[in-house]
Protein chains: 2
Amino acid sequence: MTIQINFERLKQDVQDLAAIGRQQDHGIYRMAFSPGDMQAREWLQRRIQDAGLDLYVDGAANIHARLEWDGTRPSVMTGSHLDSVPRGGHLDGALGVLTGLECLRSVREQELPLRNPLESVAFTDEEGRFGHMFGSQAICGQVTPDSIMQARDLQGIRLVDAMAENGLDAMEALHAQRNPGSIQSFVELHIEQGPVLDRQRLAIGIVDGIAGLFKWQVRLIGEANHAGTTPMNMRRDAFQGLAEVAGEIPRILEEHGSPRSVATIGRVDLFPAAANVVPGRAEFSLDVRDTDPVVLDQLANACRRSLSAIARRRELMFEFDVMSELQPVKCDSGVVDTISAMCQEMGISATRMHSGAAHDTQIMSTITRAGMIFVPSKEGRSHSPSEWTAWEDIEIGANTLLNTLYRLAGDAA
Amino acid sequence: MTIQINFERLKQDVQDLAAIGRQQDHGIYRMAFSPGDMQAREWLQRRIQDAGLDLYVDGAANIHARLEWDGTRPSVMTGSHLDSVPRGGHLDGALGVLTGLECLRSVREQELPLRNPLESVAFTDEEGRFGHMFGSQAICGQVTPDSIMQARDLQGIRLVDAMAENGLDAMEALHAQRNPGSIQSFVELHIEQGPVLDRQRLAIGIVDGIAGLFKWQVRLIGEANHAGTTPMNMRRDAFQGLAEVAGEIPRILEEHGSPRSVATIGRVDLFPAAANVVPGRAEFSLDVRDTDPVVLDQLANACRRSLSAIARRRELMFEFDVMSELQPVKCDSGVVDTISAMCQEMGISATRMHSGAAHDTQIMSTITRAGMIFVPSKEGRSHSPSEWTAWEDIEIGANTLLNTLYRLAGDAA
């Protein structure tokens, strides 16, 4: 027997939250500690209290809804984030928070017996206005007085000031750390943010790993010259060097990657950037991801070799900065198998897949058994007002989460 | 017997003019009708009068120095421009004006007999603050009341207003048109602005043609997607399309171009331009040049075919605007042969070559027999404060111009 959430109630919550921080361009603006984010936090706290759940806000401003919390038994935790990128969509993060809340409400309402407390969290600043996944990092003990003081947004506003403005003391985040023994497991529901489920017409993605990545900022430096007066064989054209690097990407992925490898050049700046000047400098981002740390290493080596060979042959100087590196994370096989079993029992079409995007789950996996449930994203759209998941898929996702949480925490388990 | 300019006098002029409009970054700022340009104009007019030459300023504010001008015999004309790009060098344009002035001074001083009057012109706005080669276009009858009223700089300032501010009536440019019969021939001395003479250690380039060009603004439109969550085979990456186009350029030039063909992608804008987003749109400039109109046509066709094939295969939309098209210009063979003969007589190392950059000569060639003399540019640098030509090469260039003008205009001819 599987249990069910109250879909109409969840739908109303999704619609209500979607109105908070929405601006005239239809985008959601709920960057961490912005007015939209603060309003969403207030709304969520009221919803938790209205539902008769225990409300707890930790030192990192993570908002917890708790059911049967007693401080002794480890909780089964779910959750995601309320904050958005600028001009984001209404589901990224929000859906995980709201389905988590709905699961706790449903268990409470249906008076289902629990062996472990349930806990649903809205993590602070997942999107990284002030860095990266501040809330889950605080819970996992990954913030320090120094990292808190250093954290700034792109405008140079300090995290401590942004929190102080809202009556919050950022240093309290040092007290948000949880004893790993206090959490039995963690499951996050999230939209896929990619096209795979939508294309394959599957309802659920059972995430078995989260890709790691390396992100480089590369500079190729040649010589700026007049586009009319410089013969082709006397050029050191930095953009032609970049184009050749881009052309090598498929070969590098085929030779050194896995079927899950992706590589992207997303940002390009040429100098002096005039139609009639041969580019003297090309700066670009290179973002490479895979779920296997060994594969990632091989890809980094292959990219370095290719860049340096192309630069040498074209008489370009070549340098790069590592902007970020994230280790891949394997999801807990017990959690993965539980989600998988629930899908089977419920007759839901599902596939095992990885997450190419980063999520709080990968931080949480450092202290507990963690897994993720993906629901389809229409055409893979995300970080955009056109982000969309069919209501039917949201309902299936919420029920998958509910049954997974209950299998992990319920007395029947 | 060849004749000689006064090199020390010329050198002093070059140095004096180089101080006008120079700013703290060492760049020359003499954009048309800017304070620097106006100051240079005043300085030149004084120098013409000090030399005992006739001064004439036409309705387009072109400044003419004249020797033995009588309004009946056609003149042999030389000249270039005083205006610069922002942060330009001290020789581009200026050297042609000053060597022209020095040639007239030397002929006058040495009392050399003339069959035709000599005329040295400083053309208005060659660099195109308000468009393109306004002064030579006015002389050649290529401006209209409408084109004058429409002309604006990048800040939206109208040509008529910029001229009025300096006490000039732009509509007078309509009266600057010269009867083609009033000019026997035109020779412009200019720095090469390319690396060919410098690399080959040659003193003089005898220009036999000026490249034409087409300049396109191309848009490739795919789909912006998350760089982590979108598998490689589900992407429509606009930048990868652009990189493939760039990679095709060498083949296109080899198959459809001439040894003089060049093609440049100088400006690239990606959207949304984030490291973790697959580019959904790539906009870029494509600048292609050759001296042969048939070759230029073939290159345009080949570029169109390549762009459309790549776009089709990658499921990108593809569109382009023609930003400019200039027909190639052949220099007058009589003028070219005269320059060539003078170089031989003087024992100067020279080569025939084309100009990849646009010059007033290409406008002047529409009404008279025209040619150009190039002097080397150190490492091809131009439109930059580091623009440089050795004094020795300037002297050789000025003497080549003097002897060419005198061969065309002198009584010994």
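In the predicted model, chain A is superposed on chain B by a rotation of 180 degrees combined with a shift of 0.2 Å along the rotation axis, the RMSD being 0.2 Å. The two copies are thus related as by a two-fold rotation axis. The residue of chain A that comes closest to this axis is A:Ala243, whose C-alpha lies at 2.2 Å. Of the interface residues of chain A, 98% are also interface residues in chain B, so the copies meet through the same surface.

The secondary structure of chain A comprises twelve helices and 16 strands. Its radius of gyration, 23 Å, is close to the 22 Å given by the globule rule for 413 residues, and chain A is therefore as compact as a globular protein of that length. Along the principal axes, the C-alpha atoms of chain A fill a box of roughly 80 × 45 × 40 Å. Buried residues account for 60% of the 413 residues in the chain. Among contacts in chain A between residues at least 6 apart in sequence, 79% join residues at least 24 apart.

One helix pair of chain A is described in detail. Helix 1 (residues 7–18) and helix 12 (residues 391–409) of chain A have axes that come within 11 Å and cross at roughly 115 degrees, and the crossing is right-handed. On the side of helix 1 of chain A, the contact involves A:Phe7, A:Leu10, A:Lys11, A:Val14 and A:Gln15, which meet A:Trp391, A:Ile394, A:Glu395 and A:Ala398 of helix 12 of chain A. The residues of this contact divide into six nonpolar, one polar and two charged.

Definitions and conventions. Residues numbered from 1 in each chain as written. Chains lettered and ligands numbered in written order. Predicted model: local features only at pLDDT ≥ 70, side-chain atom pairs only at ≥ 80, totals over all residues. Heavy atoms only, no water. Axes fitted to C-alpha atoms, helices over the stretch in contact; angles between N-to-C directions. Helix = DSSP H or I, 4+ residues; strand = E, 2+ residues; numbered from the N terminus. Left-handed = near helix turned anticlockwise from the far one by under 90°. Contact = heavy atoms within 4.5 Å. Nonpolar A, V, L, I, M, F, W, Y, C, P; charged D, E, K, R; others polar. Least-squares fit on C-alpha atoms with pLDDT ≥ 70 in both. Rg over C-alpha atoms; globule rule 2.2 N^0.38 Å. Buried < 20%, exposed > 50% of the residue type's maximum accessible area, 1.4 Å probe, protein only.
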